[in-house]
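Hello,

Here is the structure I said I would pass on. My notes on it follow below.

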Amino acid sequence: MTATHSTRMLILGSGPAGLSAAIYGARAGMAPIVVQGLQPGGQLTITTDVENYPGFKDVIQGPWLMEQMQAQAEHVGAQMMWDTIVDVDLTQRPFRLTGDGGTIYTGDVLVIATGAQAKWLGIPGEQELGGKGVSACATCDGFFYRGKKVAVIGGGNTAVEEALYMTNHSHDVTLIHRRDSLRAEKILQDRLFANPRIKVLWNKRVDRFVGGGDPEGLVGLDLVDTVTGEASRFDAEGGFVAIGHHPATEIFKGHLDLDEDGYIKVETGGTHTSVPGVFACGDVMDKIYRQAVTAAGTGCMAALDAERFLAEADFEEKVAA
């Protein structure tokens, strides 16, 4: 027999956005159910040192922070479900989601906090040196590379923004791009080329991140010239992969309005999506900031928006009755 779980507030995703929504939703008496998805805790569960989350003077561990958020959400009344959603029906309320084992989840409102994943190069050393010199977020990890020689890989807006940001910490930043021109907006390119701390290596493909063994971490990048085929070694202590992100929105295509990059569209200054009663928060709708603290903030916003939506819907039902 197929199991069915029903709630006033159904939350999909359990990173900082989803758990913050759960905390606020539970405190408002909506007894939220959180379907945790493929990566419970979100990207912070694969982040080691966290130095920029407010409230902690010492470095904390990403997995520990998410454990604490989940414990807080459960303490105030949220229920966690381990499942992966494979189908959604947003045509009517309550909304209906189906897990990969056939379990049905229904919610009077739905909060989507499925996040986004950084795109990686998929080359040797990338996974092994993650957190030991290789990163996909300069804003998150740049502080750890103060005064060090760093490389940023990519040619779009993300890469240029990451390179510019890293000049706050390093006097030696090199942007490595596999082509002879950038895809980034002209105003960003102008800022990049005008910055004396940034050099550009054109027509270079990164084939490998090279480690020096524990505890040294990254020591260099193996490059191949895309025109001549010549191999070279670029010495660096930090390597930032900046080739974009994949928002986890595949299941919502055809159900919600998405932008050209696949992120869920929300109203300006809020979390309302194109379907009344469905709200989006965190990296699934934010391709600019992508920080744990901003994700948590939009999770709070989504819960408050959902609470107001339900209050108005309940009032209208009473009046109609």
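I began with strand β12 (residues 173-176; strands are DSSP E runs of at least two residues, helices are H or I runs of at least four, both numbered from the N terminus). V173 and L175 point one way from β12, T174 and I176 point the other way, and all are buried (under 20% relative accessible area, 1.4 Å probe, protein chains only). In a regular strand the side chains alternate between the two faces of the sheet.

This is a predicted model, in which local features need pLDDT of at least 70 and side-chain atom pairs count only at pLDDT 80 or more, while totals for chains, interfaces and linings use all residues. Residues are numbered from 1 along each chain as its sequence is written, and side-chain values use heavy atoms, without hydrogens and water.

β12 pairs with strand β11 (residues 150-153) in the parallel sense over four bridges; strands count as paired if DSSP finds at least two bridges between them. V173 in β12 is the bridge partner of V150.

The largest nonpolar core (buried Ala, Val, Leu, Ile, Met, Phe, Trp, Tyr and Cys joined through side-chain atoms within 4.5 Å) has 31 residues. M9, I11, A73, V109, V111 and F279 touch the most other members. Two or more residues each come from β1 (4-12), α1 (16-27), α2 (62-75), β8 (104-112) and α6 (292-320). The largest share, seven residues, is from α6. A second, separate core of 22 residues includes L97, Y105, L110 and I264.

Regards

How values were computed:
Buried means under 20% relative accessible area, exposed over 50%, partly exposed in between (1.4 Å probe, protein chains only).
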